[in-house]
Amino acid sequence: KGNINIDLHNSVIQPHITKNILNDLLNEINYKIDITIKINLENKKTIIEPSRSDKIKWIAIDYKNKKIAIDKKGISSYLEKINNNYINNEKGTADIYQAAYGKINLVAKGQPITGVDIYATTAKIYDAMRNNYVLNIMETAVPITKAHVEYKDHPSSDNSFVEISIGAQQLYLYQDGKLIYTANIVTGKPGGRTDTPQGNFTIMYKTTNFTMKGADYGYDYELDVSYWMPFENGGGAGLHDAPWRSYGSFGGSYYLSSGSHGCVNMRLADAAFVYHHISAGSAVWIH
């Protein structure tokens, strides 16, 4: 402002962290990483005891509030690595389930590998370190082998896929081995060119506000849809909403007389749900 004199007392920014504060934080950190944390996995006859270096990775300094924070995700990651070691080093098999028509049935019972209950054990370690007390607990090992869900001729790699039943005129959406959504659909009108392709496919890509042009496949139409999810090697067919159909004209036998040109038509809300729960590369089984 053109002033010649400067009041240093008001102009110099004072540090909000000082030696004394740092010493207090360091003492608290040392106390926390010296706390005994011991988990006895009863079924496995194994004791898990995180080292000082393990525990220090779970600590973060909140300099602004002059506090020590405990990183829950860091604890979970540590326990997840322990479980992965069990999976990699022990022999075991997963339960095999088969999905069809929205039902999931056990077809082969496996020999599961057991390990740490990550969610429960993380909460106990977090509470002990946050409140500075010794943790010495007896935990029951839980199954950690992920069950495998497959469908005809096409095992799923991630237990997530879409099933299309032409006969039932239903779409079934499975995620992490569970049926999470069912929708009435309209598939291609039977008769050759307009049949919906059957077999195992993947989603090529997905996009919104798309104009489908029939001229690319020998048809005279241009239709706007809100959600478009074409099949890889599906001859131009895909999943999409069909705003030109009335709400009640999905499912049942509508496809026999007023079926699509091969695509799988859905109501807008159903198409939106599927769109937000699948991605490019998602598996699709049509039968």
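This section describes the cores, helices, ring contacts and selected loop residues of the structure. The model is predicted.

The largest nonpolar core has 32 residues. Those with the most contacts inside this core are Ile164, Leu171, Met229, Phe231 and Leu239. Several elements give two or more residues to the core: strand 12 (161-165), strand 13, strand 14, strand 17, strand 19, helix 7 and strand 20 (283-286). Apart from this core lies another, of 27 residues. Ile29, Trp58, Ile68 and Val116 are among its members. In soluble globular proteins, nonpolar side chains tend to be buried together.

Met229 illustrates the contacts of the 32-residue core. Leaving aside residues up to four places away in sequence, Met229 touches Ile203, Tyr205, Lys206, Gly238, Leu239, Met266, Ala271, Val274, Tyr275 and Ile278. Of these partners, Ala271, Val274 and Tyr275 are buried residues of helix 7.

Helix 7 spans residues 268-277. Its buried residues are Asp270, Ala271, Ala272, Val274 and Tyr275. They pack against six strands: strand 13 (170-175), strand 14 (178-184), strand 16 (207-213), strand 17 (222-230), strand 18 (238-241) and strand 19 (264-266).

Six aromatic pairs occur in the structure. One of them joins Tyr227 and Tyr275. The geometry of this pair is tilted, with 5.1 Å centre to centre and 50° between the planes. The pair links distant parts of the chain, since Tyr227 belongs to strand 17 and Tyr275 to helix 7, 48 residues apart. Both tyrosines, Tyr227 and Tyr275, are buried. Tyr275 also takes part in a charge-over-ring contact: Lys206 lies over its face, 4.4 Å from the ring centre. A second contact of this kind involves Lys44 and Tyr86. The charged end of Lys44 sits over the ring of Tyr86, at 4.2 Å from the ring centre.

Tyr86 belongs to helix 4, where it is one of the buried residues. The others are Gly74, Ile75, Tyr78, Leu79, Ile82 and Asn83. Helix 4 (residues 72-89) has 18 residues. From first C-alpha to last, helix 4 reaches 26 Å, close to the 26 Å expected at 1.5 Å a residue. The cover over its buried residues includes strand 1 (37-41), strand 2 (46-48), helix 3 (52-56), strand 4, strand 7 (114-115) and helix 5.

Helix 5 covers residues 118-130, 13 residues in total. Its end-to-end C-alpha distance is 18 Å, close to the 18 Å expected at 1.5 Å a residue. Thr121, Thr122, Ile125, Tyr126, Ala128 and Met129 are buried in this helix. Seen down the axis of helix 5, these buried residues fall within an arc of 165°, so they line one face of the helix. The face turned away from the buried side carries the exposed residues Tyr119 and Arg130. Asn132 follows helix 5 and has a positive phi, near 60°.

Positive phi values also occur in loops. Most residues other than glycine have a negative phi. Lys66 has a phi near 55°. This residue lies in the loop between strand 3 (59-62) and strand 4 (67-70). Lys66 is partly exposed, with a relative accessible area of 36%. Asp176 has a positive phi of about 50°. Its place is the loop between strand 13 and strand 14.

Asp176 is also one of the residues touched by Asn159. Asn159 lies in the loop between strand 11 (154-155) and strand 12. Its relative accessible area is 4%, so Asn159 is buried, the cut-off being under 20%. Residues up to four places away in sequence aside, Asn159 touches Lys146, Ala147, His148, Val149, Tyr174, Gln175, Asp176 and Gly177.

Two further residues are less covered. Ser253 is found in the loop between strand 18 and helix 6 (254-258). At a relative accessible area of 47%, Ser253 is partly exposed. Its C-alpha lies 15 Å from that of Ala183, with the two residues 70 apart along the chain. His9 is in helix 1 (residues 8-11). His9 is exposed, with a relative accessible area of 69%. From His9 to Phe161 the C-alpha distance is 67 Å, and the two are 152 residues apart in sequence.

Terms used
Residues numbered from 1 in each chain as written. Predicted model: local features only at pLDDT ≥ 70, side-chain atom pairs only at ≥ 80, totals over all residues. Heavy atoms only, no water. Buried < 20%, exposed > 50% of the residue type's maximum accessible area, 1.4 Å probe, protein only. Helix = DSSP H or I, 4+ residues; strand = E, 2+ residues; numbered from the N terminus. Contact = heavy atoms within 4.5 Å. Phe/Tyr/Trp six-rings, centres within 6.5 Å; stacked < 30°, edge-to-face > 60°. Lys NZ or Arg CZ within 6 Å of the ring centre and 35° of its normal. Expected span 1.5 Å × (residues − 1). Arc of directions from axis to C-beta. Core = buried A, V, L, I, M, F, W, Y, C linked by side-chain atoms within 4.5 Å.
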